[in-house]
Structures are given as structure tokens and as C-alpha cells.
Amino acid sequence: MVEASNAVVINGIIVFLSLCGIGIILAALLSNRMNPFGLSLVASIASVSVLLVGGEVLLSGHSVQTELWTLPFLGTLTFKIDRLSALFVFITGLVFLPVSIFSAGYLKRYLNRYNLKTFSIFYYLLFASIVLVLISGDILSFLIAWEVMSIFSYLLVNYEHEHEETTRSGFLMLAMSEAGTIMVILAFLIMAKASGSLDFAALRASAGGLGEVARWAVFLLSFFGFGVKAGLVPSSTWLPRAHPVAPGNVSALLSGVVLNLGIYGITRVNADLLPVSQVGPGLIVLIIGSISALVGILYAATENDMKKMLAHSSIENMGIITAGLGAGFVFAASGLPVLAGIAFIAALYHLINHSLYKSLLFLGAGSVDYAVGTRDMDRLGGLIKIMPWTALFFLAGSLSIAALPPFNGFVSEWLTLQTMLQSSAIHSAGEKIVFALSGAALALTAALAVTTFVKAFAMSFLGMGRSKRVKKVGEVRRSMIIPMGILALSCLLFGILPTYVVPVLDKTVAPLVHEKVADELVPPFFTVDKGDPKFGGAFVSEFHDLGAQVGRSYLPGRGLVILHRGLEKNPVVFAMSTSYTFIVLLFLLGGTFILVKVLTRARKVRRAAAWDGGIRRLLPEMTYTATGFSNPVRVIFNAVFHPSTIEDTKETVAGHFRTAIKNGRKEVHIIDRLIFKPITSFIQSVAVTLAKMHAGSINVYAAYVLIGLVLVLVVQRLLL
Amino acid sequence: MSKWVIKGLRTGIKTTQYPRKMETASGVSPGLPTAAKGTEKEVQELVFNCPTGAIERSGNQLTVDYNYCIHCFRCKRGSQSPMGWDYGYEWAANTKDSGANRGLGSAFNRSINIRFVDGGACGACISEIEQLNKPYYNMHRLGFFATPTPREADVLLVAGPVTDHMRLPLKKAYDAMPTPKLVMAVGACALSGGIFGPSFMSDAGVSELIPVDVAVPGCPPPPLAIIHGLLLAVKRKSSALLTSSEVRG
Ligand code: SF4
């Protein structure tokens, strides 16, 4: 059994890697015109093989390990897939499959303008390196794969390289990513020094030997280092710049897969290799996560560029995930493994969901951009009549990301927020306050997310087209619609079947917290018998008295997610069930529809023009814009945005009469303003001060050399 | 500080009792001419003096067409045989088009939403209509409400002769209203064009554009007359006549 499963996994990986190789050769051979088709075909098959590998390990639970080859002086390159890797591998496949199909149509826009061969080659290399990052079992192969991944994601973002804006954003992305990598390398080196080996297993074994300072150093370096990839505050600034310039399908990969790698790194190091043993790091993670979420959504709510908005929202979602992880770390360090498990499940669930709906939304934004040629929501509008399928799937994505049941975002956000409420189990008042504030920040985030995506959908797809271009377009080709459909369907499925996802996640999390929580979280109330020793007796009998066991015969399976069932005496229950909600919703909707049809069957429908206040002609310019919709948020959070007004006044020669007054706003992102601006201006002022040394006189320079020499000698004398 | 509370309480309820009791306070209505009889000379003078041509004669009998009358008092003051004058206010009447709009059923008896359209009125009718929303006349107590959108409106209230520029908005508002609906024209201008129309830039009343169910004469009609019109629209009051009856004997 184990052997067979191992064979499946290893063969799967070999097939995947060879498909990537074949793809690269094919890309070089095929003409530019045929390349998108070849890419989508081979990459889809490769994604399926990745899905199989991930799914096999997730379900069977056998970790697979294999040694690749030994490098002289450095050590052995090993690949190891445990459940945590498998989960991320699975998500990677889940996102790559639809995105690869989508690319076939989308890349046509670059035909005759760019070399599509290079695009395909970068794409395969990125795909392969991402999978290798996730399955590498030692520092060396991890870092090699990580660097390859960073560079090829940069190259793909920088694909439209002749635009200055693109290059600038690409460089920023690369620079921040490399800075993060350096921190990660340092963290790994500290661990490797203690264990004397580069193998992850050895690091894990020797984790106990690290001192307090080293532990903190590893935590800080790895958290902020991987935080760059995950787009967490304060290193989130590259995200909203890289996304709008990247091709649509690359954006989907960037948000749906590459950001996950940051979370993977944080989880791998701080929950697996060197488990956080104190509350402090957990609180830092929690705070950073909450701030990222709030800052991300505030900028998303006021952004009018579709892709920039989605990028800011990615920061928000990564923040929510990180906050969940932080809560998990705190619970784990406080000796509450069950709650820690629930928090990790919430975080990982949100991670899956974010990958799904964010790639869906990016594909939607890409389709709109492909068809209309603009992503400015002020210029869009009325697309639902022209692109009904894109609109439908974008709506599904928006509902998911706005955390409305029965879509998937609701489940994970519910779990995360409920986890925050569980802080009552912690004793320290200070930690409780941090939890309360983070919970409040996350709740505000959730509310603003609804605003943001009401705006995103309504301003792009409803109402009147606010630019001439909108009228000329049509629906995108079918090969672009189907992948969006796949993702929308997955969003729905992950939303209505949490009771089947949670046990799988539980098995992923169990080795990290050494506790199984699936029965706590999705108890089999309908099938368990009265007096089962595993469940609180009184509680189950209460459920029985309510008639829960009746459902056994016709309910297909577990349908209820319960977060907390309290004590015997005080059985407070926080429960929800998207499965049942969905069934009830279907009945309600269907019933209402039939009722309305029956009641109004005798009536004739009279169609009249929409009431426009009686003006002669309602022009698109007169309708509500995205800017107008989000202005309340802009006004309320003025202190955060801190805009500076640019006034441009034209006066006549005499200066008495103004012919034109133009008022503009300029916003500097709060992170840039509060963190990077002071740093750069400090460095600049130091540089200016030091520049005074360059007096231009040869004698002074000679004196510097002399002083330097003396100093070196003195220091050497003192030290030796 | 809150003297106004005490003052308000001391003042008590000042809202009119109409339609439960007729309002008897002086000055609630300017009144309308009724009819007159006179010698040939007197009759000619009266007809000649009327600025809107509201007075019709048959022999030496004079009757008034309230579609036109602007109660300017020229036929009352300074005339040898003045017209009779009625200081009532229950003037609203059904028109010949009544029923063209599939009027409101009994379900609307105590709740109608009104959309007001100013079809180029001089402002007098508007300020009288405004009074309906104020404490003294307070139409809400009768179940009448103003609404900003014709989509929710049951009654379209129009004042003014309908100028060229207001023709389209009026038509749009009318089309946007769901059936059953009802149109009420308020004031001489809305009924016949009044002293403005028909002219180079206005119609001769609302009925040139859309069918009118209830007409409220007057220039402007006092608020109580408009309330009477609304009550007539929901059939809680009976219709008056748009032409005065002749003088007997
Ligand atoms: S009150 Fe009426 S009828 Fe008499 S003159 Fe004036 S408009 Fe004519």
C-alpha cells in the first residue's frame, strides 16, 4: 500500500518534471502562433499530474522522501513531500490548471508584439520551481528552487518590458524579493549551524538546542523574510506595483500561488522546523497580519484600477491568513493545542480559498482588460450585457472574497473570526487585548471587503458603459471562460463542503500541533450514538433529543461546522453550516421563483425606460463612478490616506483672473510614508553629511589614508 | 433651553380637522365666482373684463368655466352686477378623461404615494402644494405621502401649463409610473394653460400630453382644495363641477 502510494507520487513528480521539459522543448520548436495552444495543453496536463501527486499524499498521508544527488562539499539534495507540502502542491495544481487553459486565449493579445516562446519557457520554469520549492527537503534545494522561482516570477511580471513603469515595478519586486531571500538564508544558516546539517529533518531534530536569542533571530528573519513574498506589511509595496503591469494570467499565478509560498515558508520554519515556543512571536505574527489586512483592504476599497485593487486585496487576504497563523502560534505556545489546530485550519482554509477566488478574479480582470483594453473602473460599466459569462463568474469570485455564504470565503473567515473570539481561553490580559484588537481589525476588514467588491462588480459590470470602448466589445473566447467557470465552481464547492475539507486540513495540521481537532470542529452529530465516550455525553443526548439522528437517513454526511461546544454545564455553541444553508437557499430561491411565476402568470409585463430624473438623455458621464462610490471610505479614513492636494491654477497675464483651476490628489501609501520615507531620508542625510569629506584637496585625502591606517593598526593591536 | 417644547405643547394641535369637519377659519380659501345675471351692458362688461375668458354667456346668463378662472376678482369688485362668490374649497372634479388611467382601487384608500412634477408653474401652486407637507394641513394623517421617484408613485401631481422643456420629463415620469395610476392637474395653468398658455413655449394644460383624471381649479388652489382632490382620487369625497351652474330665477 505504502509502496504503491510512493510509486504514484514519485512517478507523478517525474512525469511532471518531464512534462515541463517537453514543454520547454516544444515551446522552442513551435511557432509564435501555436505557442499559446501548446503551452495550455502541456501545462494543463502537468497541472493534473501535480494535482494527483498532492491529492495522493493529502489523502493517503504517506510522506514520500527521495534523495536526488549529492553535491560535493554541500550535501545531498533531497525531496520530501509531507502533508503540508502536499497541500500547497495541490493548491498550486488547482490554480495552474485553469490559468494554463486561460493562457491559450489570453496570450493571443501578445501575438506579433512579443516573443511568446520566451513566455512559455518562463512559465514552465516558474511552474517547476514552485513545485520544487514545496517538495524540497533540505536548505540547499529549497534555496536554489526559491531563487529560480523569484527570478522567473520577476521575468514574467516584467514581460511587457518596454514600458518604463513595468521595468521599474519589476526591479522593485526583484529587489524586495532578494532582500527577503537574504533574511531567509540567514535564518536557515542559524539553524544549520546548530544542527550541522542542511537537511530539514536534521534541523527539526536539533531545534531544541537553539538558544533564546537564536530562536528569536530565526523567527524574525524568517517571518519578515518570507513576509516579503507573502506581501505582508511592511514589505507589501511591491505587490500593488507588480500586479497592474504583469500579464493577466501571470497576476493570477502571482496571487494564487507565489504569495502562498511566503506563507509556506513561514509555516514550514516556525511551525514545523523550529516550532514557536513563546507567545511573543505569535503575537507579532498576529499583529502584523491584522495590520496587513486592514491596510490592504483600505487601499483596495479606494483603488479604481481593477488589478491594483485586487493586489491590495491580496495583501488583505494574506494578512487574514497570517493573523490566523499568529493566533495558532499563540495558542500553541499557551498550551492550547486544540485551539491552535483550529486556528491553523482556519488559516490554511483561507489560503486555499484565497488562491481560488483571487485567481478567478484576476482571470476576470484579465478578460475585461483583454476585451475592453482598460482596467479603470471609472471607465468601465455595463459589461454584464456584453460579457455575461465573465460577469457571472466575476460575481461568484466577488461573493466569495466578500465572505458571503454559501461561498468559500465565508467559511474560512468565519473560522478565523471565531478563533479570535476563543482568546477567552488565554489567561494573560495583555494577550487578550491584542486578540480583541486584531479581531476588531479583521471584522472591519471583512466589512470593507464587502464594500470593495460591491464596488468592483457593480462599477465594472452594471449600469452604463462609461467609455466608448465598452460598446464595441464582445464576450471573450470560450477557452477563457471555461477556466473561470472551473474556479467559480471550486469556490462554491469549497464553500458548501467545509465538512469534507476540514478533516483533510486537520490531518495536515495534526503533526504541527500534535492534536486532532476534526471531531471537535465537524462532529458527526447525526451519526454518533447516545453515550459515545468520545463526545460530551450531555451534549450528544441534547442533540438526539432535538431529533438530530433523524437526519441520518437522508443527509449525505456531516454538514455542520462547530467551533466551540462549551462545557457540559454551559454548552455555548458557535456553529454554522454552509451545506444546509445552500440547500435551504436553493429551496427558497426556487420556491420564490415558482411562486412569483404562478402569481403573475396572468400579468403582462410592461417595459419602460429606467427613471433618469426626466433629463433629456442619460449620459454615461452622469452616472455614479467608482471614485464616487468609494469616497466615503476615503473621507472617513483620511488620516490613513493622508492625501496632499495638488493645485494647478492658470492665471491670465494680469493675475487677476483665473482661467482654470485644477485640483488633484496625491497619495503616498501609508507604509511608504511611515516606514520607507524616513529610512531613505535618513540614509540620504547621512550621505550628504559624509559627502562633505570629499573636500577635493589631495592633502585631506592623504590624511584620511593615514588615519585609516593608524586605526587599523590600533584595532589589530587591541584585538590580537 | 427647550422652551420650544413647552411652547409646542401649549400651542396644542393646530392641524385642520378637514375632512372630518369642514374648515371654517377665515382666509383658507380665496373663493371662486359662481354665476351672475344682468343687463346686456353689464354682461358684456363682465365678459370683456375677464382676463382669461372664463366667463361664458348664454343670453343674459353668465357661467364660469373653472378650467380658466384665476379668481382675479375683476368680476366681483368694481362691477355693477357682481358675480356671486363661493368661499368654499371643495373644488376638485373628475374630468372627461377620468378612468383613462385605470384609477386606483380600494386598496389605495388610505395610502397613496405622490410624485409631483412642476410643469413650468409660476411658483404659486408649488408653494400651496408644499403646505400639504406642513403641520397645518399635514397630508400624512390621511395616508398621502410624497415620493421622489415615479417608480413608487400612485398619483402624478402636475402644476403648470407644461412648458416645452418640461414636456419630456413629464412624459417620462408618467411612463415610469406603474399601473394603476392616476394623474391630477393642479391649478388653472395645468387645466387650460391659464394665463400662460397656449403660447410659443407652452401647452394649454396637462391634458394635451397625458390623460388627466382629477382637476383642481384655482390660481393657485388653496391647500384644502388639493387635499379634496387627493381624497377624490381615492374616492373618499365626491366630485365638484368644473362649470358653475346658472343663477336661478
Ligand atoms: S375671477 Fe375668474 S371669472 Fe372673474 S374675472 Fe377673474 S378670471 Fe374671470
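**Entry 1: the two domains of chain B**

I began with salt bridges across the interface of domain 1 of chain B and domain 2 of chain B, and the rule finds zero of them there. I keep in mind that this is a predicted model. Polar contact is not absent from this interface, since I count two residue pairs between domain 1 of chain B and domain 2 of chain B, both at pLDDT 80 or more. On the side of domain 1 of chain B that touches domain 2 of chain B, I find four nonpolar residues, three polar residues and no charged ones.

I then looked up the bounds, and the domain assignment of chain B gives 32–86 for domain 1 and 93–233 for domain 2. The contact draws on seven residues from domain 1 of chain B and eight residues from domain 2 of chain B. Taken over C-alpha atoms, the centres of these two domains of chain B are separated by 27 Å.

How much area do domain 1 of chain B and domain 2 of chain B bury between them? I read about 650 Å², with 66% of it on carbon and sulfur atoms. Within domain 1 of chain B, the residues that lose the most area to domain 2 of chain B are Asn67(B), Ile70(B) and His71(B), which together make up 59% of what that side buries.

**Entry 2: the sheet in chain B**

Next I traced an open sheet of six strands in chain B, whose order is β6-β11-β10-β9-β7-β8 and whose pairing is mixed. The edges are held by β6 (93–94) and β8 (144–146) of chain B, and because each has a single partner strand, one side of each is left without a neighbour in the sheet.

Inside that order I followed one pairing more carefully: strand β7 (residues 112–118) of chain B runs parallel to strand β9 (residues 155–159) of chain B, and the two pair over five bridges. Which residue of β9(B) stands opposite Phe116(B)? I find Leu157(B) in that place.

**Entry 3: chain A against chain B**

I turned to the interface between the chains, where the contact takes nine residues from chain A and 16 residues from chain B. The area buried between chain A and chain B comes to about 860 Å², and carbon and sulfur atoms give 49% of it. I note that Arg606(A), Trp611(A) and Arg616(A) supply 68% of the area that chain A buries against chain B, which is more than any other three residues.

Across this interface of chain A and chain B the rule finds one salt bridge. In it the side chains of Lys172(B) and Asp612(A) meet, at 2.7 Å from N to O. I also find six residue pairs in polar contact across the interface of chain A and chain B, both residues at pLDDT 80 or more. By class, the side of chain A that touches chain B divides into five nonpolar residues, one polar residue and three charged residues.

**Entry 4: the two domains of chain A**

For chain A, I took the division into domain 1 (1–208 + 234–244) and domain 2 (639–719). Five residues from domain 1 of chain A and four residues from domain 2 of chain A take part in the contact, while the C-alpha centres of the two domains lie 40 Å apart. The area buried between domain 1 of chain A and domain 2 of chain A is about 350 Å², to which carbon and sulfur atoms contribute 66%.

Which residue forms a salt bridge with Asp672(A)? The partner is Arg241(A), and the closest N and O atoms of the two are 2.9 Å apart. The count of salt bridges between domain 1 of chain A and domain 2 of chain A is one, and the count of residue pairs in polar contact is one as well, both residues at pLDDT 80 or more. On the side of domain 1 of chain A that touches domain 2 of chain A, I class two residues as nonpolar, two as polar and one as charged.

**Entry 5: backbone geometry**

I closed with the backbone. A cis peptide bond joins Pro405(A) and Pro406(A), with omega about 5°, and Pro406(A) is found in the loop between α15 (388–401) and α16 (408–421) of chain A. In chain B, the peptide bond from Cys219(B) to Pro220(B) is cis, with omega near -10°, and I place Pro220(B) in the loop between β11 (214–216) and α6 (223–233) of chain B.

Asn112(A) has a positive phi of about 70° although this residue is not a glycine, and its place is in the loop between α3 (83–106) and α4 (116–135) of chain A.

Technical notes
Residues numbered from 1 in each chain as written. Chains lettered and ligands numbered in written order. Heavy atoms only, no water. Domains from an automatic or database assignment. Contact = heavy atoms within 4.5 Å. Buried area = accessible area lost by both parts, 1.4 Å probe. Salt bridge = Lys/Arg side-chain N within 4 Å of Asp/Glu carboxyl O. Polar contact = N/O pair within 3.5 Å; in protein donor to acceptor, adjacent residues only side chain to side chain. Nonpolar A, V, L, I, M, F, W, Y, C, P; charged D, E, K, R; others polar. Pairing = 2+ DSSP bridges. Helix = DSSP H or I, 4+ residues; strand = E, 2+ residues; numbered from the N terminus.
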